[in-house]
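Biologist: I would like to learn how to read the packing of helices and the burial of residues from a set of atoms. Could we go through one case slowly, with the general idea ahead of each example?

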Amino acid sequence: MENRIIGNTALVSFLNKLVDADKMPTAVLLAGPAMVGKATILESIAKRIICTERTVCGKCAGCLVGVGNHPDVLRLGPSEEESLRKGISNLLKRIYQKPVLGNKLIVFLENIDEFHWASSPLLLKVLEDAPTFVIFFLTAENLDAVLPTIRSRSMVRLVSPIDQKTFKEELSQRFAVGEMHELPQAGEVSPSSQTGVNGVDLIDQIVSLAGGRPGLALRLFGDSELREKYKSWRANLSNMSDKTIGERSQFAETIEKAGDGKEVINLLQSLLRDRVAEVAMTEKEHIANSKNFFGTIRRSREATAMFKANIPQRLVLEYVFFNQ
Ligand SMILES: [Zn+2]
């Protein structure tokens, strides 16, 4: 199934206009929660840039090769410090060579907030020294963890989670029964028959679990086990204040064993966002008054930075859960 973009229409149309005018800045940094669509948006823009017609015509040399294998599209993600350094050094050499097929060289640097600090000076040099034909597409979940010098050299835009109503409409359209079997990892049985729930209930369930993140919705559609996991995480996170310290600790331990810490914190952040939205809509101030609400928001953000610093997941999770 094609990875169509849901939501963030103003941002997408703005980026498309920059392509049309051939005015894409040297670096574009999209920031937003995990699986909200940052990379998908940038991929769609890259597709237009590599097309010689700037339309994704499907016929030109650029379109035929595609973004995945295109010689003028380079990629570097967070990795071990040494290999990251090597990757960036290689990038420094490569960006001076002219594009092979088109007239732009696109460099994807995903999740730069997770790059080792040690690599930052080198990365900055890459951004500063790049010839005019190079375009950097950067993504980050946590903008605070991106060096200010890198931010200031980029056009920063936020990618927002999709509001529940729009999300539900879009998903209902996209996953009309006919399309269900095309889903990745869905196997031979449609997701609905795996769980015995009908399509409408399934969409409701996914909308409520995915927190406006289309990438997560896609994964949840194709994987009933993952849905069960998310449901149990959500139940635990929502009832945290009723749990004893022992129960909280046990929950943290289970998550650490499965290596799911980051995903659970992402879910917690999306639940907190939903609650903020609910408060704003209904002016139910008592929800926001619950004394640890804003503290939990802060600690869940700190957790992301603590994972990056390789602090054991269990300690990080307990820090968040014990004070909820
Ligand atoms: Zn084309």
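Modeller: Let us begin with a definition: the axis of a helix is a line fitted to C-alpha atoms over the stretch in contact, and the angle between two axes runs from 0 to 180 degrees between N-to-C directions. Please keep in mind throughout that this is a predicted model. Its secondary structure comes to 17 helices and five strands, and of the 324 residues of the protein, 33% count as buried.

Biologist: How, then, is a pair of packed helices described, and at what angle do helix 10 and helix 11 cross?

Modeller: Two packed helices are described by the angle between their axes and the distance between the axes. For helix 10 (residues 199–210) and helix 11 (residues 214–222), the axes come within 9 Å and cross at roughly 135°. Angles over 145 degrees count as roughly antiparallel and those from 65 to 115 as roughly perpendicular, and helix 10 and helix 11 are therefore oblique to each other. The crossing of helix 10 with helix 11 is right-handed.

Biologist: Which residues of helix 10 and helix 11 meet there?

Modeller: From helix 10 come I206, L209 and A210, which meet L216, A217, L220 and F221 of helix 11. Sorted by class, this contact has seven nonpolar residues, with no polar and no charged ones.

Biologist: What is the angle between helix 12 and helix 14, and which residues bring them into contact?

Modeller: The axes of helix 12 (residues 224–238) and helix 14 (residues 261–282) come within 10 Å and cross at roughly 60°, so that this pair, too, is oblique, and its crossing is right-handed. On the side of helix 12 the contact is made by Y230, W233, R234, L237 and S238, which meet V264, L267, L268 and L271 in helix 14. By class, the contact between helix 12 and helix 14 has seven nonpolar, one polar and one charged residues.

Modeller: There is also a general point about spacing to bear in mind: an α-helix has 3.6 residues a turn, so residues three or four places apart point the same way.

Biologist: What length should helix 14 span, and which of its residues are buried?

Modeller: At 1.5 Å a residue, the 22 residues of helix 14 should span 32 Å, and its end C-alpha atoms are 32 Å apart, which agrees. The buried residues in helix 14 are G261, V264, I265, N266, L267, L268, Q269 and S270, and these pack against helix 12, helix 13 (245–258), helix 16 (293–308) and helix 17 (313–322).

Biologist: How far apart in sequence and in space are P312 and G261?

Modeller: P312, found in the loop between helix 16 and helix 17, is 51 residues from G261 in sequence and 9.6 Å from G261 in space, C-alpha to C-alpha. With 13 other C-beta atoms within 10 Å, P312 is partly exposed.

Biologist: Where does L158 lie, and which residues does L158 contact?

Modeller: L158 lies in strand 5 (residues 155–158), and, leaving aside neighbours within four places in sequence, L158 is in contact with A31 and G32. L158 and L29 are 129 residues apart in sequence and 8.5 Å apart in space, C-alpha to C-alpha. Across the protein, among contacts between residues at least 6 apart in sequence, 75% join residues at least 24 apart.

Terms used
Residues are numbered from 1 along each chain as its sequence is written. This is a predicted model: local features need pLDDT of at least 70, side-chain atom pairs count only at pLDDT 80 or more; totals for chains, interfaces and linings use all residues. Helices (H or I, at least four residues) and strands (E, at least two) are DSSP runs, numbered from the N terminus. Angles under 35 degrees count as roughly parallel, over 145 as roughly antiparallel, 65 to 115 as roughly perpendicular and the rest as oblique. A crossing is left-handed if the near helix is turned anticlockwise from the far one by less than a right angle, and right-handed if clockwise. Two residues are in contact if their C-beta atoms, placed from the backbone, lie within 7 Å. Ala, Val, Leu, Ile, Met, Phe, Trp, Tyr, Cys and Pro count as nonpolar, Asp, Glu, Lys and Arg as charged, and the others, Gly among them, as polar. The expected span of a helix is 1.5 Å times one less than its number of residues. A residue is buried if 20 or more other C-beta atoms lie within 10 Å of its own, exposed if 12 or fewer, and partly exposed in between; C-beta atoms are placed from the backbone.
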